[in-house]
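Me: Could you take a close look at the ligand site in this one and walk me through what surrounds the ligand?

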Amino acid sequence: MMEQAHGQWAMLTDPTMTLNNVTMRQGAVGMQPQQQRWSIPADGRHLMVQKEPHQYSQRNRHCVTPEDHYRRSWSSDSTDSVISSESGNTYYRVVLIGEQGVGKSTLANIFAGVHDSMDSDCEVLGEDTYERTLIVDGESATIILLDMWENKGENEWLQDHCMQVGDAYLIVYSITDRASFEKASELRIQLRRARQTEDIPIILVGNKSDLVRCREVSVSEGRACAVVFDCKFIETSAAVQHNVKELFEGIVRQVRLRRDSKEKNERRLAYQKRRESIPRKARRFWGKIVAKNNKNMAFKLKSKSCHDLSVL
Ligand SMILES: Nc1nc2c(ncn2[C@@H]2O[C@H](COP(=O)(O)OP(=O)(O)OP(=O)(O)O)[C@@H](O)[C@H]2O)c(=O)[nH]1
């Protein structure tokens, strides 16, 4: 089944279909430009791909064969081995949205491994669409990252589309640009309207945290905004790759917390705690003492948890 959607994009839902030169194979992932081969996740969920073979830009230069796919991973735990798709890998479609120039593509490039000193396992599924498998809390998860958001009016259909297709969203602003922060709030409202009945995981991302002297939006403003809009918050620097891995692991955890059973999530939390570093353990312990002594505990707990991406 294929749904023609605005120009060159198509939404593919049937994993066995053939489209022009594009062959869909169930179970495997990835595309090789020479072979014009496309495929979708084994779970058969919608995935947006380009119908025409495209020119690979410099930033999309990382492409691996399907055989390479599960060989390496961006793991949160170096001692874990990668779990294959056959053993229950899960796919998460994550959409980057935000004002122009806030660093969405730079974050996507880091995800894609363009800046990695080591080899990346990222696959390019189409212009501005990347796929990478991470090991988060001992389990593999594949993120399909869409960096196709455009703010220009004539691309309204694309914006609507982006608002509909994500399993999770990263709303990015630049801490050096107040207007982009305000835009982030607008986008949050737009997203809420578009997906009214759904509890979609969203992380508000204050990027460019390395530009300390140009800061226009404080950390507490970012946090307060996340509390008001009921989403998570993190500051990142794509330039120095600070908190980027944490961001992508965090979005996986946020989806899992909503989708999976309580027992599964409790197991993961226990796993995280076992592997937590001593400074982090100490911080958590200290946080509990502070919360106990705080009269406005309800507010404190809420505002405290907006930057903890491992809890709801
Ligand atoms: N100092 C600093 N510069 C950054 C950071 N992230 C991105 N930049 C720079 O900001 C500029 C814009 O980054 P992009 O990644 O193109 O931003 P974008 O949000 O994708 O922009 P559009 O594609 O126009 O929507 C580039 O010059 C990046 O090098 C960061 O964390 N710190």
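Reply: A quick word on terms before the site itself: Ala, Val, Leu, Ile, Met, Phe, Trp, Tyr, Cys and Pro count as nonpolar, Asp, Glu, Lys and Arg as charged, and the others, Gly among them, as polar. Sorted that way, the shell around the ligand has 7 polar, 4 nonpolar and 4 charged residues. Keep in mind that this is a predicted model.

There are 15 residues around the ligand, and the ones that come nearest are K104, S105, T106, D210 and A238. Helix α1, residues 104-112, supplies the largest share of that shell, with 3 residues.

Now for the polar contacts. The side chain of K104 puts an N or O atom 2.8 Å from an oxygen atom of the ligand. G103 uses its backbone instead: an N or O atom there sits 3.0 Å from a ligand oxygen. K208 joins in through its side chain, with an N or O atom 3.1 Å from an oxygen of the ligand. On its own the ligand has 650 Å² of accessible area, and the protein covers 65% of that.

If you want some of the surrounding fold too, look at strand β13 (residues 202-207) and β14, which run parallel and are joined by 4 bridges. One pairing to click on is V205 with its bridge partner in β14, I234. Add helix α4 (residues 219-228) to those two strands and you have a right-handed β-α-β unit. In a regular strand, side chains alternate between the two faces of the sheet. In β14, K232 and I234 are buried on one side, and F233 and E235 are buried on the other, so both faces of the strand are covered.

Note on methods:
Residues numbered from 1 in each chain as written. Predicted model: local features only at pLDDT ≥ 70, side-chain atom pairs only at ≥ 80, totals over all residues. Heavy atoms only, no water. Near = heavy atom within 4 Å. Polar contact = N/O pair within 3.5 Å; in protein donor to acceptor, adjacent residues only side chain to side chain. Areas by Shrake-Rupley, 256 points an atom, 1.4 Å probe, with all protein chains shown as cover. Buried < 20%, exposed > 50% of the residue type's maximum accessible area, 1.4 Å probe, protein only. Pairing = 2+ DSSP bridges. Right-handed = clockwise from strand over helix to strand, strands pointing away.
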